[in-house]
Amino acid sequence: MRLSRIVPTLLLVGRVLSAQPATTAPVTAPAAASYSLTESMIPMRDGARLYTRILAPTNAAGPLPMLFVRTPYGVDGNTAASVNARWGFMARDIARDGYVFVFQDIRGKFKSEGQFVMQRPPRVNRADPKAIDESTDAYDSIEWLLKNVPNNNVRVGMTGVSYDGWTTAMAMLDPHPALKAASPQASPADMWKGDDFHHNGAFRLSYGFEYATMMETGKDVKQFNMDAFDTYEWYLKLGSLKTVNEKYLKGSIPTWNDFAQHPNFDAFWQRQAMAGYLDKVTVPALHVAGWWDQEDFYGPVTIYRELEQHDRENKNFLVVGPWNHGGWMGGEGASLGPIQFGQPTARFFRDSIMAPFFARHLHPEQRDVAGWTLPEALVFEAGSNVWKRYDTWPPKTAVSPRSLYMREGGALAWEPPTATAPAYDAYVSDPAKPVPYRQRPVQMTYGPGSTWRTWLTEDQRFVHNRPDVLSWELPTLTDDLTIAGDLSVTLHAATSGTDADYVVKLIDVYPDTGMKELRMNGYQFMVANDVFRARFRKDPAKPVPLTPNVPEAITIDLHTQAYTFKKGHRVMIQVQSTWFPLIDRNPQTFVPNIFEAKPSDFRAATQRIYRSQGMASKIVLPVVTGIRP
């Protein structure tokens, strides 16, 4: 692309700039380029060979950089036609600058040799010349490519979404000197605290089971054969998780065995977590996340933040847009489910952020073209539907944390409760009748007709006013309410059982009338959410039971968000204790390992959420005080 094709709102003006909705000039599709395909088995330091497809332009005028993707999902579909496609990883938004594209099956998957290990942790003995991990495999591959790909300019970039984003992040730990730019996108960072397999210790059952069986049944990718269309019913009939190995897997899926044997944040999960390894910024990095990423929102923001502590040369950048998992790499991005953003946010990212980022670092001749700049953090503020630039994320200026309190009568208020005696709202949570996390039927995660990709935008009225879901609501807003930064919830909660989960949702309630689209009248849009398994309230590595009917303060991280609740809308908080089958059922009777729970351990329990002076349950919002769209 031409670097001059950058929208004016991306020029840095001042400390924080409220950009207008981004627009890009129409992009004329370049003529289909011609590529030569080379297939190679690249040797690693331990002798394993990794299958690699190399697509090189046949009409290059001079040496070109390489863009490298390492994936467990198979690379045979990467052809000259896919590079010339309208959308996709290495599609024409990126290709027009001129690259040799390299795609590789990671160790043990598809045509590559060696053993596949899910989220293989970094090697322990870095002095061992034969020790391997994803970082060494990336290093060895780049070393081979530099020597064997003709007409390369000795510059390599890496990128990828999800698992491919994680292999990119891993390559940054001990990077090859030729790795000059990396964009880990939606990369998981911690599979116990906040990414695919757990959130705050609560096991993500449907995703964990279906992904593990898909990835570890063979060298290819193959879905588990469920005998029910509505997986809500299938997982409910499963009963205790003990039955998974007893009835179906027979110990054949290593990752499921890891789930069952490591329910706590022990050394197994700690070694996998990236935070302990992110101690230096080695290459310019563009971290990408989607506000409504149904798989890995925690990861990219966490990786950015960890690296930012060590960024001395302004190499570490964050982009967050109104996307689901990988939604920025395909389509226009003008909407997600029924939520409209009024502009092509995904096309804007590919054409005006990702393409110039790689061009600047991999094409030295374009390094200073057109005055292109990238802010420290570029985030899309949904609701007002504007891009905003910040010199730090979360913002440190013009934002004030303000508490919204859960009050009597289902009300939210800026004023704390006045009741001096214990006051609470209560519901009965029954593991036999769990609250579904999306509207039924709940299809397989990646099954035909599945709404998995957009479930975070579903109208929450399908559970509103259930007897096991509590709601508190702020009166109709008379002015816009904008938030930017970190959110947290403190629940003063008690249970009649000895263990509990707490799911909290921050919801934008649309006006009851006057919306252009009828179904959006009164729509309950989930802006932020998460779940917390209360047994881990004191120590994630050492679960302890709750004392029946004794309230405790439990703080739940709702991560980070940039959003405007518009005038005429309402703010709602919902609390529940099941979210099935996304989250496994907590027996609500404390057992050392829920994977070993007996049917008799699953019992209904009364949950109380307190709202008195001494026990004021609340959400803390980062309210923007000095910035207007």
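The following exercises, with worked solutions, concern strands and the nonpolar core of a predicted model.

Residues are numbered from 1 along each chain as its sequence is written. Local features need pLDDT of at least 70, side-chain atom pairs count only at pLDDT 80 or more, totals for chains, interfaces and linings use all residues, and side-chain values use heavy atoms, with hydrogens and water left out.

**Exercise 1. Determine how many residues of strand β11 are buried, and which strands pair with β11.**

Step 1. Strands (E, at least two residues) and helices (H or I, at least four) are DSSP runs, numbered from the N terminus. Buried means under 20% relative accessible area, exposed over 50%, and partly exposed in between (1.4 Å probe, protein chains only). By this criterion, 6 of the 6 residues of β11 (residues 316-321) are buried.

Step 2. On one side of β11 lie N316, L318 and V320, and on the other F317, V319 and G321. In general, side chains of a regular strand alternate between the two faces of the sheet.

Step 3. Two strands pair if DSSP finds at least two bridges between them. Strand β10 (residues 285-290) runs parallel to β11, joined by 6 bridges, and H287 stands opposite L318 in β11. From β10 the chain passes through helix α10 (residues 298-308) to β11 in a right-handed β-α-β crossover, that is, clockwise from the first strand over the helix to the second with the strands pointing away from the viewer.

Step 4. Strand β14 (residues 377-381) is also parallel to β11, with 3 bridges; here V320 stands opposite V379.

**Exercise 2. Establish the strand order of the open sheet that contains β21, and state which strands stand at its edges.**

Step 1. β21 (residues 501-509) pairs antiparallel with β22 (residues 524-533) over 9 bridges, where L506 faces A528.

Step 2. A further 7 bridges join β21 to antiparallel β24 (residues 570-576), and D508 stands opposite V571. β24 in turn pairs antiparallel with β19 over 5 bridges.

Step 3. The order is therefore β19-β24-β21-β22, with antiparallel pairing. β19 (469-473) and β22 are the edge strands, each with a single partner, so one side of each lacks a neighbour in the sheet.

Step 4. 9 of the 9 residues of β21 are buried, so β21 is largely enclosed by the rest of the structure.

**Exercise 3. Identify which helix gives the most residues to the largest nonpolar core.**

Step 1. A nonpolar core is a set of buried Ala, Val, Leu, Ile, Met, Phe, Trp, Tyr and Cys residues joined through side-chain atoms within 4.5 Å.

Step 2. The largest such core has 174 residues, and those with the most contacts inside it include W256, F349, Y502 and L506.

Step 3. Helix α11 (residues 345-362) gives the most, with 10 residues.
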